[in-house]
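Grab a viewer and something to scribble on. Here are a few exercises, each followed by a worked solution.

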Amino acid sequence: MQDNTYLGTERVGKLLKQFAIPCIFSLIISCLYNIVDQIFVGNGVGYIGNGATGVIFPITVIGWGASLFFGDGAAAALSVSLGRNETKDIHRSVGNSVLFSFLSGIVIITISYIWGDNLLRLIGATDANISLAHDYGCIIYAMMPLALAQNSLASIIRADGSPRYAMGAMIVGAVLNIIGDPIAIYVLHLGIKGAAYATILGQFVSFLICAAYLRRSKTFKISLKSFLPDFTLLKRVMALGSSSLLTQLSIVIITIINNILLVKYGAVSEFGADIPLSAFVVIMKLFQIVLNIAIGIAVGGQPIVGYNYGAKNYGRVKKLLKLILFWTTVVCLVCTILFEALPILFIRLFGTDSELYTQFASQCLRIYLSLITFTCLQKVCAIFLQSIGHAKSAAPLSVLRDAFLIIASILIPIALGVTGIFWAAPIADILAIAITAFVMVRLWKQLTREEKSNLC
């Protein structure tokens with residue numbers, strides 16, 4: 001077994017860089033599966049195709065949430081256990097996490113296939129994109145169990161001290177997807193089905209690479225016994241991963257509600273139902289990229305934070321919190337400037353079929369992402385609480401902004417129409433960051449007290 005004491009002695013800035021950068025790239029690359037599909041589908045099929053992939057998006061996010069529920073939970077448990085030098089049951093936490101991620105995928109595809117097009121209608125499909133959404137979804141569903149297991153494994157691999165390996169697995173899959181998309185869409189003329197085939201190919205190869213890691217893990221040794229269900233251990237994993245699950249489920253709820261509202265209010269506007277829906281899909285992809293960079297910084301720091309908190313090195317925990325918040329703010333402010341100055345550039349990247357669509361999407365991008373710095377800081381704080389095992393605080397904080405967003409999305413369009421749906425985001429950001437700041441100030445004071453107590 002590898003000695004992880006360096007997590008408690010090495011300079012925190014160096015450690016954060018070592019762990020966060022590969023994690024950021026891993027999460028961005030995982031986003032690319034869907035985003036690359038959007039770009040090639042948008043340019044090869046049209047914005048109706050983008051709307052179709054956006055309809056499937058909530059289902060894939062539910063799967064993503066389930067994988068993080070078990071994967072991030074196991075990763076947090078692993079990190080804190082290493083800090084406390086309690087390593088006996090780590091392999092069983094890992095095995096149970098992977099097993100139940102896989103089983104979650106089975107449940108999701110079973111429901112999706114049985115419910116069929118009625119499910120797609122429920123979550124926002126229109127007459128124009130229902131057949132494309134059906135074709136894309138039926139292929140994507142097939143890889144769900146292995147894709148979920150791979151995503152859980154990636155979280156565990158990073159916590160095990162191998163963030164570059166997790167990044168490499170994601171890169172290989174993403175490259176296959178990027179190469180496969182134009183070949184399948186333009187050369188083989190498979191259209192939106194080609195984009196789906198390219199995606200599941202990349203996911204399958206990434207899974208194989210992550211699964212191979214279990215034979216060379218550093219802090220645990222996996223065996224068949226590791227996969228025997230142990231609900232006592234699983235309960236702890238699920239508690240620590242609950243904020244990750246709730247974050248993803250809130251995204252699903254927001255997407256579904258917004259899809260329905262965009263179709264409703266768009267239909268009575270000059271833009272029609274499909275332009276607002278397609279614009280929202282593109283904006284959410286850009287939102288995901290920035291959010292994943294911020295999450296990558298926080299999740300990358302999770303093994304270091306968890307280890308030092310478990311070892312009662314509270315001074316180092318505080319230094320890590322400051323670094324995580326600082327770099328999150330820097331990255332998000334740069335992205336905000338780019339979005340506000342060059343919105344058309346980002347919209348056209350995903351294809352444009354009309355000037356009306358471009359103008360509407362550009363305007364709404366600037367509105368929706370105007371306070372994304374607050375969004376990311378709020379999410380990062382929830383992940384930090386999860387990293388130190390404060391599951392009861394992390395879970396509600398992780399969905400706070402999204403709860404405000406749902407309420408605002410329903411109320412504001414009554415007065416402002418379809419663009420009001422996009423104005424809901426900055427309003428929710430202001431309310432959520434105010435409450436989050438109050439929680440984190442209290443946490444900082446608590447860490448300071450515990451630090452002083454240890455010195456006495």
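**Exercise 1.** Which residues does A298 touch, not counting residues up to four places away in sequence? Then work out where A298 sits and how covered it is.

*Solution.* Keep in mind throughout that you're looking at a predicted model.
- Step 1: leave out the sequence neighbours up to four places away, and A298 touches I324, V380 and I383.
- Step 2: place the residue. A298 belongs to helix 10, which covers residues 274–300.
- Step 3: check the covering. The relative accessibility of A298 is 3%, and the cut-off for buried is under 20%, so A298 counts as buried.
- Step 4: try a long-range distance. S387 is 89 residues away from A298 in sequence, and their C-alpha atoms are 8.8 Å apart in space.

**Exercise 2.** Find the place of L176, then say whether L176 is buried or partly exposed.

*Solution.*
- Step 1: look in helix 7, residues 163–187, and you'll find L176 there.
- Step 2: L176 has a relative accessible area of 28%; that isn't under the 20% needed for buried and isn't over 50% either, so L176 is partly exposed.
- Step 3: list its partners. Setting aside neighbours within four places in sequence, G202 and V205 are in contact with L176.
- Step 4: for a C-alpha distance, take S67, which is 109 residues from L176 along the chain; the separation is 22 Å.

**Exercise 3.** Describe how helix 10 and helix 14 cross, and sort the residues of their contact.

*Solution.* A quick reminder before the numbers: a packed pair of helices is described by the angle between the axes and the distance between them.
- Step 1: get both values. The axes of helix 10 and helix 14 (residues 355–368) come within 9 Å, crossing at roughly 45°.
- Step 2: classify the angle. Oblique needs an angle that isn't under 35 degrees, over 145, or in the 65 to 115 range, so helix 10 and helix 14 are oblique to each other.
- Step 3: add the hand. The crossing of helix 10 past helix 14 is right-handed.
- Step 4: pick out the contact residues. On the helix 10 side they are I275, P276, S278, A279, F280, V282, I283, M284, L286 and F287, and these meet L356, Y357, F360, A361, C364, L365 and Y368 of helix 14.
- Step 5: sort them. You should get 16 nonpolar, 1 polar and no charged residues for the contact of helix 10 with helix 14.

As for spacing, an α-helix has 3.6 residues a turn, so residues three or four places apart point the same way.

**Exercise 4.** Now do the crossing of helix 10 and helix 11: at roughly what angle do the axes cross, and how many residues of helix 11 are buried?

*Solution.*
- Step 1: the axes of helix 10 and helix 11 cross at roughly 35° and come within 5 Å.
- Step 2: helix 10 contributes A298, V299 and G300 to the contact, and helix 11 contributes Q302, P303 and I304.
- Step 3: by type, the residues of the contact of helix 10 with helix 11 are 4 nonpolar, 2 polar and no charged.
- Step 4: for the covering, 9 of the 9 residues in helix 11 (residues 302–310) are buried, among them Y307 and N308.
- Step 5: step just past the end of helix 11 and check the backbone. K312 has a positive phi of about 65°.

**Exercise 5.** How many salt bridges does the structure hold? Pick three and say which residues are buried and which are partly exposed.

*Solution.*
- Step 1: the count is 7 salt bridges.
- Step 2: in the E10–K14 salt bridge, the closest N and O atoms are 3.7 Å apart. E10 is partly exposed at 29% relative accessibility, and K14 is partly exposed at 42%.
- Step 3: R92 pairs with D230, with 2.6 Å between the closest N and O atoms. R92 lies in helix 3 and D230 in the loop between helix 8 and helix 9, so the salt bridge ties together parts 138 residues apart in sequence. At 29%, R92 is partly exposed, whereas D230 is buried at 13%.
- Step 4: E451 and K318 meet in a salt bridge of 3.1 Å, N to O. Helix 18 holds E451 and helix 12 holds K318, so this pair ties together parts 133 residues apart in sequence. E451 is partly exposed at 26%, while K318 is buried at 12%.
- Step 5: finish with shared partners. K379, R401, D402 and D429 are joined into one network by salt bridges.

Technical notes: Residues are numbered from 1 along each chain as its sequence is written. This is a predicted model: local features need pLDDT of at least 70, side-chain atom pairs count only at pLDDT 80 or more; totals for chains, interfaces and linings use all residues. Side-chain values use heavy atoms; hydrogens and water are left out. Axes are lines fitted to C-alpha atoms, for helices over the stretch in contact, and angles run from 0 to 180 degrees between N-to-C directions. Helices (H or I, at least four residues) and strands (E, at least two) are DSSP runs, numbered from the N terminus. A crossing is left-handed if the near helix is turned anticlockwise from the far one by less than a right angle, and right-handed if clockwise. Contact means heavy atoms within 4.5 Å. Ala, Val, Leu, Ile, Met, Phe, Trp, Tyr, Cys and Pro count as nonpolar, Asp, Glu, Lys and Arg as charged, and the others, Gly among them, as polar. A salt bridge is a side-chain nitrogen of Lys or Arg within 4 Å of a carboxyl oxygen of Asp or Glu. Buried means under 20% relative accessible area, exposed over 50%, partly exposed in between (1.4 Å probe, protein chains only).
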